[in-house]
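Me: I would like to go through this model term by term, asking what lies behind each label. Could you set each value against the definition it depends on?

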Amino acid sequence: MYAIVEMAGQQFKVAKDQKVYVHRLQTEEGKKVTFDNVLLLADGSNVTVGAPAIDGAAVEAKVVKHLRGDKVIVFHKKRRKGYKKKNGHRQSLTEIVIESIISKGAKKTETKKAEPKAKKANGKAAPVDVSVASKPKAKKATAKGDDLKKIEGIGPKIAETLNAAGISTFAELAKTDAAKISEIIADVRGNHVTDTWPKQAELAADGKWEELQKWQDELDGGVAK
């Protein structure tokens, strides 16, 4: 006999005495846990399919231990932007053992419904403060600069650092000396050559994108080959 059941947001095909690794559960080690969202039950040739779940069916399991999975490396790279980022991730898991599969008679776990926000007083709807509700929402300022990451050699971190220093447009970057740019981004990790950035920014500010693209194809991370 086996069942297909949803556990911790995932669907598993399980049988009695089977070990299963699921996303981290809040249940303590050694205690039992019941999963009542059973989608399918099969006992020999007798197969029951839920719509979507089978009423009264459940899978009972015991929490063996909590652990973490194998490390997964996540690597991001942006071509011609000088941007590389490497992270590791280990998923928090729980090891459980399936103790029994109940085909009917299991009690569903109750989920508490959220109370309505506006309570009625004496059968009438609660009053709404019209002075507050009718006020128009203030619009946020949407002053937005240019996308400095279009400059060969500038990545997200450098663009953020330049914006913090008051350089947010191509025109402002074009007017800034390469040595001054290097001084501004001195705390950003990596070896950054800024010699071509002002000229690239000047072409971008003038809208000469084809000329800029042709030149960038000859560059390597913003450095002339």
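Reply: The model is a predicted one, and a definition comes before the rest: a helix here is a DSSP run of H or I with at least four residues, a strand is a run of E with at least two, and both are numbered from the N terminus. On that basis the protein has 6 helices and 12 strands.

Me: What makes α5 a helix, and what is the sign of phi at Gly207, which follows α5?

Reply: Helix α5 covers residues 197-205, and a helix requires a run of at least four residues, so this stretch meets the length condition. Gly207 comes after α5 and has a positive phi, near 75°.

Me: Which residues of α5 are called buried, and what covers them?

Reply: The label requires a relative accessible area under 20%, and within α5 it goes to Trp197, Pro198, Gln200, Ala201, Leu203 and Ala204. Their cover includes the helices α2, α3, α4 and α6, together with the strand β11. Ala201 also appears, beside Ile154, Ile158 and Ile167, in a second, separate core of 17 residues.

Me: Why is Glu95 called buried?

Reply: Glu95 has a relative accessible area of 3%, and the label applies under 20%, so Glu95 is buried. This residue lies in strand β10, and, leaving aside neighbours within four places in sequence, its contacts are Lys19, Val20, Tyr21, Lys62, Val63, Val64, Lys65 and Leu67.

Me: How do you know that β7 and β10 pair, and in what sense do they run?

Reply: Two strands pair if DSSP finds at least two bridges between them, and β7 and β10 share 10, in the antiparallel sense, so the condition is met. One of the bridge partners across this pair is Ser100 in β10, which stands against Glu60.

Me: What makes β4 a partner of β7 as well?

Reply: Here 4 bridges join the two strands, which run antiparallel, and at least two are needed, so β4 and β7 count as paired. In β7, Lys62 is the bridge partner of Lys32, while Ala61 stands opposite Val33.

Me: How do the side chains along β4 divide between its faces, and which are buried?

Reply: Val33 and Phe35 point to one face and are buried, whereas Lys32 and Thr34 point to the other and are not. Such alternation between the two faces of the sheet is what a regular strand shows.

Me: What does the largest nonpolar core consist of, and which members touch the most others?

Reply: A nonpolar core joins buried residues of certain types through side-chain atoms within 4.5 Å, and the largest one here has 20 residues, with Met7, Val14 and Ile96 touching the most other members. The strands β1, β2, β3, β4, β5, β7 and β10 each supply at least two residues. Beyond its neighbours within four places in sequence, Met7 is in contact with Phe12, Val14, Val20, Val22, Phe35 and Ile96.

Me: How is the lining of the largest pocket made up by class?

Reply: Its 26 lining residues, of which Gly82, Tyr83, Lys84, Arg189 and His192 lie nearest the centre, divide into 7 nonpolar, 7 polar and 12 charged. Gly counts as polar and Lys and Arg as charged, so Gly82 belongs to the polar class, and Lys84 and Arg189 to the charged class. The largest share of the lining, 4 residues, comes from β9, and the space in the pocket is about 660 Å³.

Technical notes
Residues are numbered from 1 along each chain as its sequence is written. This is a predicted model: local features need pLDDT of at least 70, side-chain atom pairs count only at pLDDT 80 or more; totals for chains, interfaces and linings use all residues. Side-chain values use heavy atoms; hydrogens and water are left out. On a 1 Å grid over the protein atoms alone, a cavity is a set of points where a 1.4 Å probe fits but cannot get out, and a pocket is an open set with protein on both sides within 12 Å along at least five of seven lines; lining residues have an atom within 4 Å of a point. Grid points are joined across faces, edges and corners, and a volume is the space filled by probe spheres set on the points. Buried means under 20% relative accessible area, exposed over 50%, partly exposed in between (1.4 Å probe, protein chains only). Contact means heavy atoms within 4.5 Å.
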